[in-house]
Each structure stands twice: as C-alpha cells, then as structure tokens.
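Visitor: I have a structure open and would like to go through it piece by piece. Can you take questions as they come?
Guide: Yes, go ahead.

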Amino acid sequence: MNWTMFDTWIVIVGALGAMACALPGCFLVLRRMSMMGDAISHAVLPGLAMAFLITASRTSVTMFIGAAIAGVLTAVFTQWVSKFGMVDRGAAMGIVFTTLFALGLLLIVQAADHVDLDPGCVLYGAIELTPLDTIRLFSRWDVPRASLVVGGALVMNILFVLLLFKELRISSFDPELATTVGVNATLMHYLLMTVVAITTVAAFESVGSIIVIAMLIVPPATAFLLTQRLVAMIVLSVVFALISAVVGHLGAITVPRWFGFEDTRTAGMMSATAGLLFLVVWLFKLVQNRFQTQAEIPESETSAHVSPDT
Amino acid sequence: MKPWLAILALIWCAGAAQLLANQPTRSSERGFASSPIESLSAQTPGHATIAATIPNTGFINDLADVLLLRRYNTRLVILSTTLLGITSGLIGTFLLLRKRSLMGDALSHATLPGIAAAFIFAVKAGGEGKDLTTLLAGATFTGLLGMLLVLAIRNTTRLKDDTAMGIVLSVFFGIGVALLGIIQKMPEASAAGLESFIYGKTASMVWNDFVLIACVTVVVGWSCIMLTKEFAVVCFDEGFASSQGWPTGFLDVLMLGLAAAVTVIGLQAVGLILIIAFLITPATAARFWTHDLQTMLILSGVIGGVSGWLGASVSALFPGLPAGALIVLVAASIFAVSMMTGPARGVIPRYLRRARLQRKVGRQHLLRAMYENLERSRPAPDLPVENLPIQFDDLLQHRSWTLRSLNKLLKVAEWEDHVEASPRNTVRLSESGFGEAARVVRNHRLWELYLIRHADIAPSHVDRDADMVEHILGAEMVRQLEAELGGQELILNVPSSPHVIADAEGAT
C-alpha cells in the first residue's frame, strides 16, 4: 500500500461528504422517505442540462443552481402527485424522478453537440480526481475545491440540525402534534427537502451520487438499529459515515489486490463498507434478540418476540 | 375472461414472431447478411444507421415505414418495447397495490454487481465476457439476492420497506460500481458495453433480446392472469390471506421474482433507471381510471404497451432521440392526463364531485334555515307554515354565515329557482323552493327522530349529528326511515283530487 497526500485528501473529502449526508439522512429514514436521495440524485440531470443550455457555460455555480432547483422540484412534484393524485409516495417519487431523468437524457442528447456532459460522471463521481482541483486559501494553503464544497454542506447541515432540532424532531415523529403546538410541519418538510437537495447536489458533484445515496440511508439505518434516542442516532450515524469513508478508501486501494486485481473506485467501496457495517450490526441485533428471547421465555411465556421499542 | 386474454396474448406473440420470421429475404434485398443476428450485430448503433443508409424519400414514407413496421430493425425494437411495456404494466399493478413500486428501483440497481461479477468470472475463465446469458444470470442472481435481503431486513428489524430498499439499492450499486472499477483496470478485458446496462441500448436490440422479452412476457402475463386472485388477496389484505391458508410468503416472493425477471430483461432494452418507470408509471396511471382490479390490469398493460410502441416509433422517426427516454416521457404524459381526468380518482372528476356535494350541502342548509325561520315566525305553533318574505338579517343570524357566503348561497338558489325576487332586505322562497325546503327539513327531522329513538342521542345534541348525515340520505334510506318511524304526521299532506283522474289511455 502506498499512502500519499492524495489519499489523505480523498479520505477527507469522502468523510466530509459522508457526514454531511448522514445528518439529514437520519430524518429521511425516520420520515420513511429514504428513497428521496436516490430520486433527487437521478432527477438533477435535467437541471444540469437546462443550466447549460440557458447559460451556455459550464461553470460550477450555474450547474449547481440548476441541479439544486431540479432537486427541490423533485420533492415538490413528488409531494403534489402523492397529495393531489392520492398516489402512494413511493410510486409518486418513482414517476417524478424517472420522468425528470428521461427529460434530462433528451436534453443532454440535444446539448451533446456542444458539451461533454457525461452521465457516468454524475453517477460514479470522480472522488479520486478531487485533489487535482485545488484552490489557494489565504494565499498559503492549497486545498481541494471539493473539500470546501462538501465542508460547506456539512457546516450547513450541522447548523440546520442544531438550530431546528426541536422542530425537526417533533415534525418527524408527529406532524399533527407539531401543527398543534405551532410548528409548521409542511414548512419543515420542504426545508428538509431543500437541505437534502442542496446536500445531494453539493456532494455528488464532488464525490458522486452513489456515496450520497448510500450515506443518506445506510449509516442512519445502522444507527437506528442500535438506539432509540434521536440524539444518539444522529451521533452514531455520523460516526458510521466517518468510518465508512476511511475504511472504504483503504478497502478500495487494498482489497482488490488480495485477489490479484488493480485498485478500484473509492465511491463504490465506501458504500460497500457502509453496507458491511450495517450487516454486522444487523446480525449482532439478530443474535442479541435470539438470546433475549430465549432468556425471557421462562419468566414470561407470553412474549414470543421481544420488541425493542419497549 | 381469463382464457380469452391468454389466447389474445398468444395470438399477439405468434403474429409478432411471424412478422419477424419474414426478415431474411427482406434484409438480403438490402444487402445485409442473411442471419438476423449477424446483420444486426454488424451495425450496432441500430436504426440510426439504417435510417441514414436508406435514401430519404420523405417524412411520410418514413412514417409509413415505422407505422407499418416495414423495416426489420424498427419492427424488432418496436415489438420488443411494446411487449416490455405490456408485461411491466401487468406486474407493476401488483407492485403498486402492494405499495412496493420502488422495488423495481432497488432490484434494478441490485443487478449491477451481478453483471459485473459475471463478467469478471467469464473473463477469468478465459471467455470474452460479453455472453448475454452469463451476464443476465449474474444479474438475476444478485437481483433476487437483493430482493430477499429487502424482505429479510423488513421482517427482522424495525426498519421499514423504504429504508430496506434504500440500503440494498445503494450498497449493491456501490459494490457494482467497485467491481466495474476493477474491470476497467483489468488488462485483458474492456468494459465497454457493460455501461449499456445502465443507460440501455434500445436501438441496437437483436433477435435474441426479442426472444427473451417475448418468453418473459408470456410467463409473466400468464402468471398474472392465472394468479390474479391470489396476488390480489396478498396485496389487499396480507393477514386475511394467511389466515385463509394462502402461502403469502411464497406468493410475495413469486410476485417479486416476476418483477425481477421483467427488470432484468428490461435492463438491456431501456436501461437500469428507466425500467423503473416501466414498472411504476402505467400501473399508477391505470389506477386513476378504475376501482376494479381486472380492468386496472388490462388498462395498465395497454398503457404500458402504447407507451412502448409510441416511444419507440417516435425514436425511429427521429433517430437522434433515445427510445428509452421517449417511452418514459410518453408514459409520463399518459400519467399526467390520467391523473387530471381519470374518472375514478382523477383530480378534476374528484374536484367536480366535491363541488357538487358542497353545493348540495349549501343549498340544503339555506333551505332548512329559511323553512325553520318561517316556522318560528308563525303566530301559533299549530298553524300551517306559510311562505312569507324573510328578513335578511334574521336569516344571517340563523347559522354562522358570513354576509358574503349567504349572498353567494342566495345567488345560487335564485339560479336554481328556489328563491324568488323580493323587496330589499328580504328573501322569499319560490313555490318549488318551498316544497324542497319542506322535504329537506322533513328528512333532517326523520333522521333526528331515528337517532333519538335508536341511537340514544339526547335531543339537545341531535341537531349536529343529523347535520352530518342528512345530505347523503338516498330515497331508499328515507323510505326505510318512514317505515321505521311510522306515524300519521309524517305523511305528506296532498289534498285528494276533486275530480276522477283519467287512465293513461283515456287521457290520450
């Protein structure tokens, strides 16, 4: 293994992105909207294409704005279709994001004469290349531009969760109660969706959408299995995201060599590591539940299964 | 109904096969190789190339070519996408009703590591690695594995369906991306072509793809038709199904297995992401048109088929546009129209029904208020109610109306001929309005009496309770109430005719 400054930066960017995603991801899992990240990351395609067609430039600011708008629109359209059409939310999400994706493909084909918009780049991201694109900070340090982007997203999400923690918690668990005590649950929903959209766009531009989708869901779900307290869940999921990023990159440059291959894509390995963590925790809980059940049967013969809720 | 459908599907497939069997002579006319597979693999970009090689004889001619399926390649693509649309519409219906629409999403992403792993194994075993059967076997294997994991996570943890699907989707896709990364750096193989599984390569489908799609269509269509009842009971009430002795677990896995089969064959055709639309959109669109499962199945299949046909046809006419995206957009347009106008659950019909009910409620409230006002202003309680002008302000205080809402109600009532023009600040019921008002009040009181007598509700509370139900009392219900409550005073007071009423024949 040959660890360089490059690898350090890749891990830093990956970890920042992963933690930025895990924060809003906790609330997505609690609100049963886990697939939103997936939907948004596919649906930004027309936003990117439109931004390019309108401004005819490939600066990242216009692309970012276009993608963010498309992301928020995905959430809004999904809400409309499921509310006005009385459609199951999963189905509404599926229709909206596939339609937007198809629209994006068409637009990209139209724009393909002038521009190299590679859909593969959107999907996999190019986290390995991030250290090449640097910005000089305070005219002293060269830092990758991507680390600033995902770092900014992380700061935004930390502030979002800290400042609106009470409102987020109550509107995630009980929207009706939230409305009665004067918290606007609809506003919180759209605010969360906006934050998810911005995070998704910021992160996939730097680290690829596969990390975004995985980190929005898998670390929060892993933490959800281990605790019933929201604060603990958020902290644990951030820790899991961090571990996945570090171990994932290590895995990307070592694991394939064990089998005689070259190294592989970090993004894929990071989400695979998150999955491995989930698998370990899941099996641990299964074994634990099995032992608890066996221990309890002599005492109370009624409980066939132990509910971790109580 | 069921056998009829099955026969229709068989005829369709036979016809399609017949059409395609004509191919060799036609293609040799144009100087292609005689075997369909060779001729197509020779020029992969598909009918984009064909359209370029055939001299352009005008748009009308092109249109006729596409509509009449004259060209072999166009015919292959259009028939394949149509079949794919029909079959995914069928199985998508059950996924939608089971609230598992996004399962197609999870499934299709979960196939990627299978494709990549199969490729690696094939290459390591010394092959070229692009053998379709191997790749699809790998895809099916990891797709099914992912599906079982979703069910396992859902059944053994507190996590819900959506999170379970999200975990499987992202982790499997991540592993797939990692494996693709390995393939890219393998010196002995090129990964080019595997990407087509993500974006689809509709235009360059070959005979084998069509045969595969046709087979899966027959199997899935046949299963959906034969197992409609079983799938329906699992979709609508899983607990009831298992209490009746149905093998719900098996049916669940079978349903998802069929979905997996459609997803895997759809990967080649429209790509990993757009196949999701195939599974969701036609079924959701069909839901707006009907409340009946069989009708919904047929409609969903038809919508899927039409989207596949129309999308592929347009793509064949304008070679620059990718077929997969066009098919999805056609389906989405059908969905948008259905969502707005579908008679069963569409937005506009629902809005109209609601508006009609609201108008009826408003009218009945107004008429009852006016009638009760007339009742109260009688000099003595046993005198008959007379239709006199009512002071506008008295009426305003009767219910919690605002000035505006009362004026609006009166305007509607005047238009409906229930209220007459009358002097300033007074309101007067018309002849028909007076009769209608008496009828409304009568129904209200019948219901109140019923509630007092049979539901033990205190007379002081009964007004509000009756208010909620009286607007939807049908004629049958009113007859039952009359029979139940009986009594002379309830009979409508029509004086008997002063002359002999002639028979129908005598009158003419």
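**Chain A, the contact, and a corner of chain B**

Guide: To start with chain A, 51% of its 310 residues count as buried. Bear in mind that this is a predicted model.

Visitor: What secondary structure does chain A have?
Guide: Chain A has 13 helices and two strands.

Visitor: And how much of its contacts is long-range, say 24 or more positions apart?
Guide: Among contacts in chain A with a separation of 6 or more, 72% are between residues 24 or more positions apart.

Visitor: Switching to the contact between the chains. How many residues does each one put in?
Guide: Chain A contributes 53 residues and chain B contributes 47 residues.

Visitor: Which helices of chain A supply at least two residues to that side?
Guide: Helix H2 (36–43), helix H5 (89–111), helix H6 (119–124), helix H11 (209–226) and helix H13 (266–296) of chain A. H5(A) gives the most, with 13 residues.

Visitor: How does the side of chain A that touches chain B divide by residue type?
Guide: There are 35 nonpolar residues, twelve polar and six charged.

Visitor: Now chain B. What's the order of strands in its open sheet?
Guide: The order is S1-S3-S2 in chain B, three strands with antiparallel pairing.

Visitor: Why do S1 and S2 each have one side left without a neighbour?
Guide: S1 and strand S2 (419–420) of chain B are at the edges and each has a single partner strand, so one side of each has no neighbour in the sheet.

Visitor: How many bridges hold S2(B) and S3(B) as a pair?
Guide: Two bridges, in the antiparallel sense, between S2(B) and strand S3 (residues 426–429) of chain B. B:Glu420 has B:Arg428 in S3(B) as its bridge partner.

Visitor: Where is B:Pro389?
Guide: B:Pro389 is in the loop between helix H18 (347–376) and strand S1 (390–391) of chain B.

Visitor: What does B:Pro389 touch?
Guide: Leaving out residues up to four places away in sequence, B:Pro389 touches B:Ser422, B:Pro423, B:Thr426, B:Val427 and B:Arg428. B:Arg428 is also the bridge partner of B:Glu420.

Visitor: Why does B:Pro389 count as partly exposed?
Guide: Because B:Pro389 has 14 other C-beta atoms within 10 Å, and partly exposed lies between the limits of 12 or fewer for exposed and 20 or more for buried.

Visitor: Last one, helix H20 of chain B. What is its reach from first C-alpha to last?
Guide: H20(B), residues 403–415, has 13 residues and reaches 18 Å, close to the 18 Å expected at 1.5 Å a residue. Just after H20(B), B:Asp417 has a positive phi of about 70 degrees.

Methods: Residues are numbered from 1 along each chain as its sequence is written. Chains are lettered from A and ligands numbered from 1 in the order in which they are written. This is a predicted model: local features need pLDDT of at least 70, side-chain atom pairs count only at pLDDT 80 or more; totals for chains, interfaces and linings use all residues. Two residues are in contact if their C-beta atoms, placed from the backbone, lie within 7 Å. Helices (H or I, at least four residues) and strands (E, at least two) are DSSP runs, numbered from the N terminus. Ala, Val, Leu, Ile, Met, Phe, Trp, Tyr, Cys and Pro count as nonpolar, Asp, Glu, Lys and Arg as charged, and the others, Gly among them, as polar. The expected span of a helix is 1.5 Å times one less than its number of residues. Two strands pair if DSSP finds at least two bridges between them.
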